[in-house]
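Me: I would like a close look at one part of this model, with each term explained where it is used. Which part would you choose, and how does it fit with its surroundings?

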Amino acid sequence: MSHEETDDAFDGPSRSQLRRDAMAIFKLAETLATLTDAQLTRIPLAADLLDEVRRARATTQPIARKRQTQYLAKLLRRLEEEEIAAMRLVLESDRQQSHRETAALHQLEAWRDRLVAEGDAALDELLEQHPTADRQQLRNLIRQAHSEAEKQKPPRAPRESFRTLRELAASSGST
């Protein structure tokens, strides 16, 4: 038998690829074990797998939890690739939604900071984007924020202005 014949005899995935695939499934099992019940309802899981996810989540000892997660990964490896892809798709869309929400909160924080730092100039720009905003209320909150900062009091007014901005963004549907 020549060397060329033995090279063509096996066309399956390499051992390293199998290990990477197994680790990816284990990471998926770990991720599933960290989800809340509300998040789990969106994941397409069979009842037996859902029970195993809850069992892994309920296990508190680290070694036992790892063993339970490995068992969950073993069950996941038996699934079809389409089922695993569907789970990953839901998890990815949840992650992207979380990123969007975080970015929106950061944008609101930036507006709050600009209002305190720049005053009326930033307020005028905000009112151009959100004409329904209460100018007087925002102006009072900005003044209170300056006063609290000067007197080194707890920042109640900046928190209140953030709440107001969040409500304004929610009512207008944008940030």
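Reply: A cavity is a set of points, on a 1 Å grid over the protein atoms alone, where a 1.4 Å probe fits but cannot get out, and its lining residues have an atom within 4 Å of a point. The model is predicted, so local features need pLDDT of at least 70 and side-chain atom pairs pLDDT 80 or more, whereas totals for chains, interfaces and linings use all residues. Residues are numbered from 1 along each chain as its sequence is written, and side-chain values use heavy atoms, leaving out hydrogens and water.

A search of the whole structure finds two cavities of 30 Å³ or more, and the part chosen here is the second largest, with a volume of about 30 Å³ (the space filled by probe spheres set on the points, which are joined across faces, edges and corners). Its lining consists of Arg112, Leu115, Val116, Leu141, Ile142, Ala145, Ala157, Pro158 and Ser161, and at least two of these residues come from each of helix 6, helix 8 and helix 9 (helices are DSSP runs of H or I of at least four residues, numbered from the N terminus).

Helix 9 runs through residues 156–172, and its 17 residues should span 24 Å at 1.5 Å a residue, which agrees with the 24 Å between its end C-alpha atoms (the expected span is 1.5 Å times one less than the number of residues). Ala157, Pro158 and Ser161, which help to line the cavity, are also among the buried residues of helix 9, where buried means under 20% relative accessible area and exposed over 50%, with a 1.4 Å probe and protein chains only. The other buried residues of this helix are Phe162, Thr164, Leu165, Leu168 and Ala169. Seen down the axis, the buried residues of helix 9 fall within an arc of 165° and therefore line one face of the helix, the arc being that of the directions from the axis to the C-beta atoms. On the face of helix 9 turned away from its buried side, Glu167, Ala170 and Ser171 are exposed.

As for what lies against that buried side, the residues concerned pack against helix 6, helix 7 (120–129) and helix 8 (135–150), contact meaning heavy atoms within 4.5 Å. Helix 6 and helix 8 are thus named both as packing partners of helix 9 and as contributors to the cavity lining.

Terms used: Helix = DSSP H or I, 4+ residues; strand = E, 2+ residues; numbered from the N terminus. 1 Å grid on protein atoms, 1.4 Å probe; cavity = no way out; pocket = protein on both sides within 12 Å on 5 of 7 lines; lining within 4 Å.
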